[in-house]
Amino acid sequence: VLIAAVAAFVVTTASASATETLRDAGCTFQTVQAQSRDHIAEPDEEFEYNTDPPTSGPHFPNPPPVSVYEEPVEQFRLIHDLEHGVVVIQYGDDVGDETVNQLIQWWRDDPNGVVIAPYPKLGKQIALAAWNAEESVPGEDVDPGRGILAKCPGFDEEAFDAFKDEYAFKGPERFEEEDLGPQ
């Protein structure tokens, strides 16, 4: 019981620390119940994701490679990356080139487990998304976990590091960090 209590304290403290760092950087932060892990060939126009950009839900069967994209990537494709434990960072069309270059340089320093892409409707914001859950075991029905979304007014290295440190590589379908590198 004592070990469980200490572990819960450490997890809560780490989460509170990441959340606090994000909020200190002016970011909003939300955690929601994860949605379906269904693989679909085409987006279901009637399905409503519980965050925007999505942090979980029905998605394309093949994830896009970990990379920096110059054009928007379909959301239902990026969700598969989230399922694998990748952090997806998207920026609005009003985010300046200098900030985008800072994001890209940050990514180059440690690209494993991070996708960066434009998402025009974010305007001046940058969104950081993750999907965290207990690792799934084939044939077992497990809790789908939670979607995590932060929206920030700009790039803050400490906040982005805290988000990645806390939420990357914890998706319901896990891969080793070195297997989630750029291709």
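In this predicted model, C27 and C152 are joined by a disulfide with an S to S distance of 2.1 Å. The two cysteines come from distant parts of the chain, 125 residues apart: C27 sits in the loop between helix 1 (2–24) and strand 1, and C152 belongs to strand 5 (residues 146–152). A search of the whole structure finds one disulfide. Its S-S torsion is about 110°, so the bond between C27 and C152 is right-handed. Both C27 and C152 are buried.

Turning to charged side chains, the structure contains five salt bridges. In one of them, R37 pairs with E173, with the closest N and O atoms 3.6 Å apart. This contact also spans distant parts of the chain, as R37 lies in the loop between strand 1 and helix 2 and E173 in the segment after helix 4, 136 residues away. R37 and E173 further belong to a salt-bridge network that includes E83. Another salt bridge, between E74 and R77, has an N to O distance of 2.6 Å; E74 is partly exposed at 41% relative accessibility, and R77 is partly exposed at 27%.

D52 is worth a closer look. Its side chain meets that of K121 in a salt bridge (3.0 Å, N to O). Because D52 is in the loop between strand 1 and helix 2 and K121 in the loop between strand 3 (114–118) and strand 4 (126–132), the pair ties together parts 69 residues apart in sequence. K121 is exposed, at 60% relative accessible area, whereas D52 is partly exposed at 32%. The peptide bond from D52 to P53 is cis, with omega near 5°.

Backbone geometry also singles out F169, a non-glycine residue with a positive phi of about 65°. F169 lies in the segment after helix 4 (157–167).

Technical notes:
Residues numbered from 1 in each chain as written. Predicted model: local features only at pLDDT ≥ 70, side-chain atom pairs only at ≥ 80, totals over all residues. Heavy atoms only, no water. Helix = DSSP H or I, 4+ residues; strand = E, 2+ residues; numbered from the N terminus. Disulfide = S-S within 2.5 Å. Buried < 20%, exposed > 50% of the residue type's maximum accessible area, 1.4 Å probe, protein only. Salt bridge = Lys/Arg side-chain N within 4 Å of Asp/Glu carboxyl O.
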